[in-house]
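Here are some short exercises to work through with the structure open beside you. Try each task first, then follow the solution step by step.

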Amino acid sequence: MILILIIWSGVFKAQRTLTVGGSNWTVSIPSITEAGSNYAGTYESATNQILLAASVPLLLGNAKVSVHYQANPTWHNSLVLSAKRTGDGTTACVLCSISGGTAYQTLTLTDAELFRITATLALAAYSNIPIQLQLSGVSVIIPSATYQSSVVFTISAI
């Protein structure tokens, strides 16, 4: 009986983990050379701009990865930042699955679910889950400045 309690105690202490990698994305906005013109308005990063590594422990086998943005230090409300998952990454877990997040999710200041990971009978450990970013709303009516934000990913129980 004591052995079972120790095992259960270890399972409940097991944590979901999420590691974020990749590089900063600097959007190159071309200059307008003709009066009356506007910008293209929408720009996309590389399909693997951000690479996530996530693990979900056995018996606590479900997790959701959420995302939001933070102005860093300034952001214009007309600019819309979105993210999507462009692949499943790699895993050795045969009975694990990753779902959702393949369409652009508009980022707000509060967390919104991007995708889910399910582990069945084993630790679900994924690496190199590719994330693509999109910037839209770029227009000549937005004051000329350098706008920056941080994209924040979290992993939690469902």
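A residue is called buried when its relative accessible area is under 20%, exposed when it is over 50%, and partly exposed in between. Keep in mind that this is a predicted model.

**Exercise 1. An asparagine in a strand**

Task: Find Asn128 and decide which class of exposure fits its relative accessible area of 44%.

Solution:
- Step 1. Locate the residue: Asn128 lies in strand 10, which covers residues 124-136.
- Step 2. Apply the cut-offs: a value in between 20% and 50% counts as partly exposed. With 44%, Asn128 is therefore partly exposed.
- Step 3. Look at the backbone. Most residues other than glycine have a negative phi. Asn128 has a phi near 55°, which is positive although the residue is not glycine.
- Step 4. Look across the chain: Ala54 is 74 residues away from Asn128 in sequence, and their C-alpha atoms are separated by 9.0 Å.

**Exercise 2. The overall layout**

Task: State how many helices and strands the protein has, and in what pattern they follow along the sequence.

Solution:
- Step 1. Count the elements: the protein has one helix and 11 strands.
- Step 2. Read along the sequence: the pattern is α-β-β-β-β-β-β-β-β-β-β-β.
- Step 3. Add the burial: of the 158 residues in the protein, 32% are buried.

**Exercise 3. A cis peptide bond**

Task: Find the residues joined by a cis peptide bond with omega near -5°, and say where they are.

Solution:
- Step 1. Recall the usual case: most peptide bonds are trans.
- Step 2. Name the bond: the one from Asn72 to Pro73 is cis.
- Step 3. Place the residues: Pro73 is in the loop between strand 4 (62-71) and strand 5 (80-85), and Asn72 is in the loop between strand 4 and strand 5 too.
- Step 4. Classify Asn72: its relative accessibility is 37%, so Asn72 counts as partly exposed.
- Step 5. Check what lies across from Asn72: Gln148 is 76 residues apart from it in sequence, yet the C-alpha atoms are 5.1 Å apart in space.

**Exercise 4. A disulfide and a nonpolar patch**

Task: Work out the handedness of the disulfide between Cys93 and Cys96, then name the residues of the nonpolar surface patch.

Solution:
- Step 1. Check the bond: the structure has one disulfide, and the sulfur atoms of Cys93 and Cys96 are 1.8 Å apart.
- Step 2. Use the torsion: about the S-S bond of Cys93 and Cys96 it is about 70°, so the disulfide is right-handed.
- Step 3. Check the burial: Cys93 is buried at 12% relative accessibility, and Cys96 is buried at 12%.
- Step 4. Turn to Leu95, which is in the loop between strand 6 (90-91) and strand 7 (97-99). Its relative accessible area is 51%, so Leu95 is exposed.
- Step 5. Name the patch: Val94, Leu95 and Leu121 make a nonpolar surface patch of about 380 Å².

**Exercise 5. Two rings**

Task: Describe how the rings of Tyr69 and Trp75 are arranged.

Solution:
- Step 1. Choose what to look at: a pair of aromatic rings is described by the distance of the centres and the angle of the planes.
- Step 2. Count: the structure holds one aromatic pair. In this pair, the ring centres of Tyr69 and Trp75 are 5.9 Å apart and the planes are at 50°, so the pair is tilted.
- Step 3. Classify the partners: Tyr69 is buried at 12% relative accessibility, and Trp75 is buried at 17%.

**Exercise 6. Charged partners**

Task: Name the residues in the two salt bridges, and find the ring over which the charged end of Arg85 sits.

Solution:
- Step 1. Start from the principle: side chains of opposite charge can pair when their charged atoms come close.
- Step 2. Take one bridge: Asp88 and Arg85 meet with N to O at 2.5 Å. Asp88 is partly exposed at 42% relative accessibility, whereas Arg85 is buried at 5%.
- Step 3. Take the other: Glu113 is bridged to Arg116, with the closest N and O atoms 2.8 Å apart. Glu113 is partly exposed at 31%, and Arg116 is partly exposed at 34%.
- Step 4. Return to Arg85: its charged end sits over the ring of Phe115, 5.7 Å from the ring centre.

Conventions. Residues numbered from 1 in each chain as written. Predicted model: local features only at pLDDT ≥ 70, side-chain atom pairs only at ≥ 80, totals over all residues. Heavy atoms only, no water. Patch = residues over 30% accessible without salt bridge, like charges linked within 9 Å, V, L, I, M, F, W, Y side chains within 5 Å. Areas by Shrake-Rupley, 256 points an atom, 1.4 Å probe, with all protein chains shown as cover. Salt bridge = Lys/Arg side-chain N within 4 Å of Asp/Glu carboxyl O. Helix = DSSP H or I, 4+ residues; strand = E, 2+ residues; numbered from the N terminus. Buried < 20%, exposed > 50% of the residue type's maximum accessible area, 1.4 Å probe, protein only. Disulfide = S-S within 2.5 Å. Phe/Tyr/Trp six-rings, centres within 6.5 Å; stacked < 30°, edge-to-face > 60°. Lys NZ or Arg CZ within 6 Å of the ring centre and 35° of its normal.
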